[in-house]
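Reader: I like to see cut-offs set beside the values they decide. Could you take me through this model that way?

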Amino acid sequence: MDKRKDIIEQMPHLMRYARALTRDAVAADDLVQDCVSRALSRLHLFKAGTNMRAWLFTILHNIHAQNMRTLGRRPRAVPLDHELEERRGAGPTQDAPLTARDLQRALDHLPDEQREVVLLVGLEDMTYAEAAEVTGVPVGTIMSRLARGRERLRRMMAEGVPALRSVK
Amino acid sequence: MTGETGFTETDLHAYADGELDRATLAEIERWLAETPEAAAQLHAIKLQKYLMHDLYDDGLEAPWPEGAEEMLTGEPGRNWWPGWTRLAASVLLLLAGGAAGWGITQAGSPEQTAGRSFVQNALYAHAVYSHDEQRPVEVSIDEEQLLVDWLSERIGEKLMTPDLASNGFKLIGGRLVSDTGMPAAQLMYENVRAKRVTLYVRKAFEDKDSAFRFISEDGMVAFYWTDGPLSYALTGEMPRGDLLDLAQMVFNDISS
């Protein structure tokens, strides 16, 4: 088995997760680049037959955590697409349907540890065991972060994000 | 939220994430059928997952950082990772494998893979939005002109709204959804018994007209086809023959 081929297979997923995590295409590229570089330099440490996806995501996760600690890099806000509202010629209404934008806004306000788990399980379809391996916490913690994170997202999407609402 | 059956919120998440064993599945599905608040919560979880894909699936096809590509394939980054290609990521991977000389064998033709990915997205969008009690559509039929203009502009082709009234289905509105990063329109129809069918439309994923193809999954059935510049998928929860009648009506109405 060629381990590089296994890494290539995971590249689209690493790219997607890195973009969701950093909300910044440039930072995401740097993160994936660092992850691939570190993975290749430690390829001999990867045990054949174990989970390449979890191994790579663990590396990516650790680099990201380190960036956050040392650089204090904070995620940037993403510009919103107001096209539909503009066409309607009015501001957003309270009954506007829930869209990806609402989720984006809510995700931006989720604590990092909850956001990571919500993304690993919801977007990357990881099992709870894999998410636990990647983030280095017990499965029970994964389950409680997931439940708390999703409930918070649901509430923010239903009730709006107070901080943003007052700015707009 | 614990009922007599002893299920908790944690079980609900585990169910949504496919973490439960077969035996528990049947029990929790019975519980969901009897517990509307649990069913509503499950729906919120599924909606979040769906919207998350809508937001981030573009990333699957993003060009790799050049340095990473060189490190992995031993060739300098050429940026050939085509942004315009909307084939499933797996197909792009086959290209990557081929380019580096591994020669992975291909399971299905690119059209088949693209067709499956298209209809999967249509089924997924149907499952999420047709059961949404509060906001099944983004723009309702009350703003029909806005609906048609906006969706036509986003999908890049004139969108028709077929008339299914003679079969009892009325258009109630539509929304913009993401078909693996490409804009797609979902039109929703409803009959007097509040049964819903959705017509999912995007720029054609194949370059020639096709016959009807059929798929059935999770109690949903769908017919999908390509006609000129657009691909269509009609999805509902009804016998195959009934849906075929509707698909035929859609097809006739659009081509006439």
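**Values against definitions**

Author: Let's start with A:Ala28, which is found in helix H2 (residues 25-41) of chain A. Helices (H or I, at least four residues) and strands (E, at least two) are DSSP runs, numbered from the N terminus. This is a predicted model, in which local features need pLDDT of at least 70 and side-chain atom pairs count only at pLDDT 80 or more, while totals for chains, interfaces and linings use all residues. Residues are numbered from 1 along each chain as its sequence is written, and chains are lettered from A and ligands numbered from 1 in the order in which they are written.

Reader: Why does A:Ala28 count as buried?

Author: The cut-off is 20 or more other C-beta atoms within 10 Å of the residue's own (12 or fewer is exposed, in between is partly exposed, and C-beta atoms are placed from the backbone). A:Ala28 has 23 such neighbours inside 10 Å, so it counts as buried.

Reader: Which residues is A:Ala28 in contact with, leaving aside neighbours within four places in sequence?

Author: They are A:Met15, A:Ala18, A:Arg19 and A:Thr22, where contact asks for C-beta atoms within 7 Å, again placed from the backbone. From C-alpha to C-alpha, A:Ala28 and A:Met15 lie 7.0 Å apart, with their positions 13 residues apart in sequence.

Reader: What makes A:Gly149 buried?

Author: A:Gly149 has 24 C-beta neighbours inside 10 Å and therefore counts as buried. This glycine is found in helix H8 (residues 139-159) of chain A. Beyond four places in sequence, A:Gly149 is in contact with A:Leu110, A:Gln114, A:Arg115, A:Val117 and A:Val118. Its C-alpha is 8.2 Å from that of A:Val117, although the two are 32 residues apart in sequence.

Reader: How do you know how H7(A) and H8(A) are oriented to each other?

Author: Helix H7 (residues 128-135) of chain A packs against H8(A) at an angle of about 100°, with their axes 8 Å apart. The axes are lines fitted to C-alpha atoms, for helices over the stretch in contact, and angles run from 0 to 180 degrees between N-to-C directions. Angles of 65 to 115 degrees count as roughly perpendicular (under 35 is roughly parallel, over 145 roughly antiparallel, the rest oblique). The two helices are therefore roughly perpendicular. A:Tyr128, A:Ala129, A:Ala131 and A:Ala132 of H7(A) meet A:Val139, A:Ile142 and A:Met143 of H8(A). These divide into seven nonpolar, no polar and no charged residues, with Ala, Val, Leu, Ile, Met, Phe, Trp, Tyr, Cys and Pro counted as nonpolar, Asp, Glu, Lys and Arg as charged, and the others, Gly among them, as polar.

Reader: How many residues does each chain give to the contact between A and B?

Author: Chain B gives 37 residues and chain A gives 37 residues. On the side of chain B, H3(B) gives the most, with eleven residues. That side has 21 nonpolar, seven polar and nine charged residues.

Reader: Why is H1(B) described as largely enclosed?

Author: Six of its eight residues are buried, so the rest of the structure largely encloses H1(B). The six are B:Asp11, B:Leu12, B:His13, B:Ala14, B:Tyr15 and B:Ala16. Their cover includes H8 of chain A as well as helix H2 (22-34) and H3 of chain B.

Reader: What makes E2(B) and E3(B) a pair?

Author: Pairing needs at least two bridges found by DSSP between two strands. Nine bridges join E2(B) to E3(B), and the strands run antiparallel. They form a hairpin with two residues between them, where B:Thr180 in the turn has a positive phi of about 45°. E3(B) also pairs with strand E4 (residues 196-203) of chain B in the antiparallel sense, over seven bridges. Seven of the nine residues of E3(B) (182-190) are buried, so this strand is largely enclosed by the rest of the structure.

Reader: Where does E1(B) stand by the two-bridge cut-off?

Author: Two bridges join E1(B) to strand E2 (residues 170-179), in antiparallel sense. The whole open sheet has the order E1-E2-E3-E4-E7-E6-E5 in chain B. Its edge strands are E1 (139-140) and E5 (213-217), each pairing on one side only.

Reader: Where in chain B does pLDDT stay under 50?

Author: That happens over residues 77-107, on a scale from 0 to 100 that gives the predictor's confidence in each residue. Chain B averages 81, with 84% of the residues scoring at least 70. For the complex, the predictor gives an ipTM of 0.82 and a pTM of 0.58.

Note on methods:
Contact = placed C-beta atoms within 7 Å.
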